[in-house]
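This report describes the fold, the surface and selected side chains of one protein chain. It proceeds from the elements of secondary structure to individual residues.

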Amino acid sequence: MHRRPLGRGRRLAILSAVVILAGCLLPWYTALGGATGLPAREFRAFDGSGILVFSAALVVVALAALPYAAGDRPVAVDRWVSYLVATAIAAVGLLIWPVDMLSTGLGGFLPDRAPGFWLAAIGLVGLARATYEIATERPVG
C-alpha cells in the first residue's frame, strides 16, 4: 500500500486543528451586563466569521485523513498548498472577528473573557507552523 507517512507537519496540523476546534466551543467574546443587573452575553465562533475558522479546522482534519481513506493510490490534494489555503481561510475568519465586534468594545477580548478566541489564535499559529513544516518536508517516494 502506498500511503504518505504521517510526518511531523501533519501531526502538528492535526493537533492545531483540535486546539482550534476546542477554541471554537469556548466563548470568543463576552459583553458584560450593565448596571441594571443584566447578565453577561457570550458570543462563540458560530456567531460570526469564526465559522470560517471552524470550517478550516475541519478541512485540515479531513486533509490529514484523506490519504488513509483513499486506499492504495496517492491523493493529489494532499499537498502543502491545501494546508496553506485552509490556514489562510482560518486567518481571515480570525482577523475579521474583532472587526465584527468593534461596535461592542474591545474589553470583551481580554483572555479571561474570550478564551476561545485566544485558543483559536494559538491553534492558528500552530497550523501556520505545520503548513511550513509540510511545505519544507522531503518528498516521499
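Helices, as the term is used here, are DSSP runs of H or I with at least four residues, numbered from the N terminus. The model is predicted.

**Overall architecture**

The chain has 4 helices and 2 strands. Read from the N terminus, these elements follow the order α-β-β-α-α-α. Of the 141 residues, 38% count as buried. Among contacts between residues at least 6 apart in sequence, 71% join residues at least 24 apart. The accessible surface of the chain amounts to about 7900 Å², and carbon and sulfur atoms account for 69% of that surface.

**Buried charged side chains**

Glu133 lies in helix H4, which spans residues 115–136. Is this residue buried or exposed? Its relative accessible area is 13%, and Glu133 is therefore buried, the cut-off being under 20%. The side chain of Glu133 forms a polar contact of 2.8 Å with the side chain of Arg129. When neighbours within four places in sequence are set aside, Glu133 is in contact with Arg8 and Gly9.

Arg10 belongs to helix H1, residues 8–25. With a relative accessibility of 3%, Arg10 also falls under the 20% limit and so counts as buried. Which side chain does the side chain of Arg10 meet in a polar contact? The partner is the side chain of Glu137, at 2.7 Å.

**The nonpolar surface patch**

A nonpolar patch of about 910 Å² occurs on the surface. Its members are Leu25, Phe46, Ile51, Leu52, Trp80, Val81, Leu84, Val85, Ile89, Val92 and Ile96. Which helices each supply at least two residues of this patch? They are helix H2 (50–69) and helix H3 (80–100). Helix H3 provides the largest share, with 7 residues.

Trp80, one of the patch residues, is found in helix H3. The relative accessible area of Trp80 is 39%, and because this value lies between 20% and 50%, the residue is classed as partly exposed. Phe46, another member of the patch, is likewise partly exposed, at 40% relative accessibility.

**Aromatic pairs**

A search of the whole structure yields 5 aromatic pairs. Two of them are set out below.

| Ring pair | Distance between centres | Angle between planes | Class |
|---|---|---|---|
| Phe46 and Phe54 | 5.0 Å | 75° | edge-to-face |
| Phe117 and Trp118 | 5.4 Å | 85° | edge-to-face |

Why is the pair of Phe46 and Phe54 edge-to-face? The planes of the two rings stand at 75°, and an angle over 60 degrees places a pair in that class, so the pair is edge-to-face. The planes of Phe117 and Trp118 stand at 85°, so this pair is edge-to-face by the criterion of over 60 degrees.

The two residues of the second pair differ in accessibility: Phe117 is buried at 8%, whereas Trp118 is partly exposed at 37%. Ring pairs also link Phe117 and Trp118 with Trp28 and Trp97 into a cluster.

**Summary of the side chains**

Glu133 in helix H4 and Arg10 in helix H1 are both charged residues in buried positions, at 13% and 3% relative accessibility. Each has a side-chain polar contact, Glu133 with Arg129 and Arg10 with Glu137. Phe46 takes part both in the nonpolar patch and in the ring pair with Phe54.

Technical notes. Residues numbered from 1 in each chain as written. Predicted model: local features only at pLDDT ≥ 70, side-chain atom pairs only at ≥ 80, totals over all residues. Heavy atoms only, no water. Buried < 20%, exposed > 50% of the residue type's maximum accessible area, 1.4 Å probe, protein only. Polar contact = N/O pair within 3.5 Å; in protein donor to acceptor, adjacent residues only side chain to side chain. Contact = heavy atoms within 4.5 Å. Patch = residues over 30% accessible without salt bridge, like charges linked within 9 Å, V, L, I, M, F, W, Y side chains within 5 Å. Areas by Shrake-Rupley, 256 points an atom, 1.4 Å probe, with all protein chains shown as cover. Salt bridge = Lys/Arg side-chain N within 4 Å of Asp/Glu carboxyl O. Phe/Tyr/Trp six-rings, centres within 6.5 Å; stacked < 30°, edge-to-face > 60°.
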